[in-house]
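Colleague: I have a chain open on my screen and a few questions about it. Can we go through it together?
Modeller: Yes, go ahead.

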Amino acid sequence: MPFINSILHTDEEKSHEEVGDSLEQESVEKKTNNHINSSDNVTILNKTAKTLLGSTDDGLAAIEELKSTMESIAAAAEESAGAAEESLGAVNEIKQNSTAILKMSNHSAEVIKRVEDAILKASNKITDSSENMLKIAKSAEHVSEVGDRLSVAGNEISQTVNLITKLAKRTSLLALNAAIEATRAKEKGKSFSVMAKEIRALSAKSNTYAQEIKSVVQEIQKNVTTVQSTIVETKSSVEDASHKASQNAISMKELIERLIHIVEDVKESLEEFKVLDDEIVKMQLSSETIASAAEESAGAISEVTQTISMQATAFKQSNAAAVMLQDLAKKIEKDSSDESIVNDLASAAEELSSAIEEIENSMSQSMIALSQIKEAAEISEDDARKNEAIAQKAEELTAAIKEKIQKVNSDIIAIQNSFKENVETIANAGVTSKENLQSSDTILHEAKGIKKSIKYLKKILRKIELTIVQTAALSINGSVEAMRVGELGEGFSVVSNDIRNLAENSEQNLDQINDIVDNLEDETESIIEAITQMQYLGVKEADALVVLASDMDVSANEIAQSVDVFKEIESRLDEIQNALSQAKVGAQQTVMAADLSLKNASESTEAAEHITKTSQTMAENVSELIEVAALLKDS
């Protein structure tokens, strides 16, 4: 060292003549130089020891400061790691919910589309049912109109039969007159008497047949009344069912329109979900980066903490060595020739050199570790700020999606209620259809009763027709017989002509009745055909409604499942919102922890740099110490 060199320097320009003085002078100079060297070395040792003591105290203070800042960094790192772990947990939860929501939404969209198709088919079927019901109503209306005509025809038959009855009574009276005329003709009127008796008998038969016709017509009228009352109810029921079915079809088409809008809303939500999912993936990657940085920072902190302990030990050892130097300086001042003291001095110098080397090496590692801590903190802060921004954006997206899903859920519930009403309408239509089938059975039974009564009526009419023919024939015979008798048969001739006229009138009335009955028969057949058509359509509609009700039950269940799914989605959105809030708080905590880590890392770096400079100063002092030890050993 310069100041040591100045003290220990010998003049190289001294001449060989001066060096070659007397031995006595050399001995004196040597003793003087040794004394001077010993005193200077002690001064150097004391100064070096004092400097080293100051440096070690300074180093230990810096170590304590570094220890304090590292404890703060460790606490911040622990908080950052906890926040990162919490954020990562929240993000993973969000990701799971988001994935589940995407899956459920896709499935629900498919279900709603199926329901939409099913409702469209149901609507078409209901429209067909409505049209068939109108056909049934039209058939019922036809039956009702025919019933009215049957009722009118029955009244006409009754009126005509009354005429025939009157004619029969008049014929009977004329026959009685004929009998009187026969009695007046005495022996010549016997044949008149027989004919009069036969005519009265035929007239009695006609009257009896007429009463039977009245009874049959009353039965027909009774059947017609039953048909009319039943068909009116059926017609009203069918028309009402048709109207409801028509309204139901319109309602279902409206449901389809609403479902189409719901599908569009779900599609929009899915697109927003995909954006949200992408943002969550970014959050997940950032959270993983933060967690990785926290782990790396923890390793670096552990490394620095370990070197701090080693450095503290090295400074303490250096401090003890410096104290020992002061003791050695005192001993050398008393006796510089003691080799053991010089050896102890050399040993202390070596120990100091080793300790300082250890400090320098560990500080080099600490600086690298502190650089890693800074880098990890910067990464954590950057990614945490990104996560905070993403969380904010994700919260806004989630709120928008939730609002849309709530609307979808509300619409689905409204559709569910409307659909329940539609299903109930269809179920009631099925019941009505069965009731109409039972009513049509009653009408068919009554119509067949009318048909049977008409057949019987025709038989009676044929019998009446026969009596009228026989009466007319007898009246002709009476006229012939009256002509044969001459003057005595004139009265009988008049009566016979009157009877023949009545028979002709009766025949005309009978023809009218036959025409009415034929028409009745045709009308009854049309009623039977109409009722058969009603039954065919009724059975077809009943079967179709059973299938439709079953299909609608399936759709109703799918709608109910969709309601449950969208409620689940809404619940999961709440969980996402809560998790996003947690992630946001975690990101904010990570930023605060990273800022604290950066601040403390900077302070730690300053302390580490100070320790490094201190160790360098100590190294210079030790170099001087080693030189002194070498000089003392050589002296």
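**Salt bridges first, then the overall fold**

Modeller: To start with one pair, Asp265 and Lys407 form a salt bridge through their side chains, at 3.5 Å from N to O. This is a predicted model.

Colleague: Where do Asp265 and Lys407 sit in the chain?

Modeller: They belong to distant parts of it: Asp265 is in helix H4 (residues 190-334) and Lys407 is in helix H5, 142 residues apart.

Colleague: Is Asp265 buried or exposed?

Modeller: Asp265 is buried, because its relative accessible area is 13% and the cut-off for buried is under 20%. Lys407 counts as partly exposed, at 44% relative accessibility.

Colleague: Which residues does the network around Asp265 join?

Modeller: Asp265, Lys407 and Asp411 are joined into one network by salt bridges that share partners.

Colleague: What does Lys404 pair with?

Modeller: Lys404 makes a salt bridge with Glu272, with 3.6 Å from N to O between the side chains. Here too the pair links distant parts of the chain, with Lys404 in helix H5 and Glu272 in helix H4, 132 residues apart. Glu272 is partly exposed, at a relative accessible area of 21%.

Colleague: And which residue does Lys458 bridge to?

Modeller: Lys458 bridges to Glu521, and their closest N and O atoms are 2.4 Å apart. That pair links helix H5, which holds Lys458, to helix H6, which holds Glu521, across 63 residues. Lys458 is partly exposed, with a relative accessible area of 21%, and Glu521 is also partly exposed, at 21%.

Colleague: How many salt bridges are there in the whole structure?

Modeller: A search of the whole structure gives 22 salt bridges.

Colleague: Changing topic. What is the secondary structure of the protein chain?

Modeller: Six helices and zero strands. Along the sequence the pattern reads α-α-α-α-α-α.

Colleague: What span should helix H5 have, and how far apart are its ends?

Modeller: Helix H5 covers residues 339-485, which is 147 residues, so at 1.5 Å a residue it should span 219 Å. The C-alpha atoms at its ends are 206 Å apart, which agrees.

Colleague: What follows H5?

Modeller: Gly486 follows H5, and its phi is positive, near 95°.

Colleague: What box do the C-alpha atoms of the chain fill?

Modeller: Roughly 230 × 35 × 25 Å, taken along the principal axes. The radius of gyration is 65 Å, whereas a compact globule of 635 residues would have one near 26 Å.

Colleague: What share of the residues count as buried?

Modeller: Of the 635 residues, 46% count as buried. The accessible surface is about 31,800 Å², and carbon and sulfur atoms account for 50% of that.

Colleague: What about contacts between residues 24 or more positions apart?

Modeller: They make up 96% of the contacts with a separation of 6 or more in the protein chain.

Colleague: What is the mean pLDDT?

Modeller: The mean pLDDT of the protein chain is 80, with 94% of residues at 70 or more. Among the elements, helix H6 (residues 490-634) has the highest mean, 85, and helix H1 (residues 2-8) the lowest, 28. Over residues 1-36 the pLDDT is below 50, and this stretch has 15 contacts in the model beyond near neighbours in sequence.

Colleague: How should I treat low pLDDT?

Modeller: Where pLDDT is low, do not read the predicted coordinates in detail.

Definitions and conventions: Residues are numbered from 1 along each chain as its sequence is written. Side-chain values use heavy atoms; hydrogens and water are left out. pLDDT is the predictor's confidence in each residue, from 0 to 100. Helices (H or I, at least four residues) and strands (E, at least two) are DSSP runs, numbered from the N terminus. Contact means heavy atoms within 4.5 Å. The expected span of a helix is 1.5 Å times one less than its number of residues. The radius of gyration is taken over C-alpha atoms; the globule rule is 2.2 Å times the number of residues to the power 0.38. Buried means under 20% relative accessible area, exposed over 50%, partly exposed in between (1.4 Å probe, protein chains only). Accessible areas come from the Shrake-Rupley method with a 1.4 Å probe; for residues, only the protein chains shown count as cover. A salt bridge is a side-chain nitrogen of Lys or Arg within 4 Å of a carboxyl oxygen of Asp or Glu.
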